[in-house]
Amino acid sequence: MRVHILADAAATAERAADIVEGAIRSTPHPGIGLATGSTMVGVYRSLARRCREGTLSFSEATVYLLDEYIGLDADHPQTYRNVITRSFTELVDLRNDAVFAPDCQAPDLDGEARRYDRLVRAAGIDIQLLGIGGNGHIAFNEPGTPFDAKTNVVSLSEATRRDNARFFDSLDDVPGNAITQGIGTILQAKQILLVAQGSHKSRPVRDALEGPVSTETPASAVQLHPNVAVVLDREAASLLSNLRPES
Ligand code: F6R
């Protein structure tokens, strides 16, 4: 595991974008796994800038979202597909048919989860971006999720719904269910890039990187993967015992 500790959130976004760019350049048809949420906003902004400036192209890439809420209308601004469209995919030169997400409008959600799992595994993810939840979740895999879980329909914990309430008018509007790639699916990626910023992530980051590998901290599953880069700002890294600040 390579841990990069940088001065601030802006620097983490640039370093994470560098790592994504490296993965894109190393393969002719990259498969990229996308996380939604505040952590990735700067990363996607940096990647979009590189594309706009003509130094990086996504024209040969295919992207796969980690997860999607159940129960929102397809045109709701907070579906993860719509968030990712606004913050990333419509800003770069991806082909229109190169963006995949779980279809939570499907009549058979369990069947849709199985279909999406097969799709992601068959595609092969070259680099999987991950944020980390305040309770240590990755994607929507909450504490207690087995590490071999496939893509499935899940209930969101109260903690996760509260964390995400900032994107909705009220806590009651935050969906209680989602389809998420399972930890087993995520671990199939060739490379994992975990990004975290801010002091509110320091405890889950410490538990994930230096705590025991335990389903109580879903992100600790990254310790089982052979090719992981972790990009943190100083605040997110502040509880790690082995600080290695970079400029
Ligand atoms: C969303 C996802 C989540 C977030 C996590 C952190 O696709 O996978 O696990 O990465 O909840 O969210 P932010 O970045 O908003 O702190």
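A residue counts as near the ligand if one of its heavy atoms lies within 4 Å of it.

**View 1. Residues around the ligand in the predicted model.** The ligand is surrounded by 16 residues. The closest are Thr39, Asp67, His137, Ala139 and Lys201. Sorted by class, the shell around the ligand holds six nonpolar residues, seven polar residues and three charged residues.

**View 2. Polar contacts of ligand oxygen atoms with threonine 36, aspartate 67 and arginine 166.** A polar backbone atom of threonine 36 lies 2.9 Å from an oxygen atom of the ligand. For aspartate 67, an N or O atom in the side chain is 2.7 Å from an oxygen atom of the ligand; Asp67 is also listed among the closest residues of the shell. The side chain of arginine 166 places an N or O atom 2.9 Å from an oxygen atom of the ligand. On its own the ligand has 410 Å² of accessible area, and the protein covers 94% of this.

**View 3. The pocket that holds the ligand.** The largest pocket is the space taken by the ligand.

**View 4. Cysteine 51 and cysteine 104.** Cysteine 51 has a relative accessible area of 13% and is therefore buried, the limit being under 20%. Cysteine 104 is also buried, because its relative accessibility is 10%. There are zero disulfides in the structure.

How values were computed:
Residues numbered from 1 in each chain as written. Predicted model: local features only at pLDDT ≥ 70, side-chain atom pairs only at ≥ 80, totals over all residues. Heavy atoms only, no water. Polar contact = N/O pair within 3.5 Å; in protein donor to acceptor, adjacent residues only side chain to side chain. Areas by Shrake-Rupley, 256 points an atom, 1.4 Å probe, with all protein chains shown as cover. 1 Å grid on protein atoms, 1.4 Å probe; cavity = no way out; pocket = protein on both sides within 12 Å on 5 of 7 lines; lining within 4 Å. Sits in = over half its atoms within 2 Å of the grid points. Nonpolar A, V, L, I, M, F, W, Y, C, P; charged D, E, K, R; others polar. Disulfide = S-S within 2.5 Å. Buried < 20%, exposed > 50% of the residue type's maximum accessible area, 1.4 Å probe, protein only.
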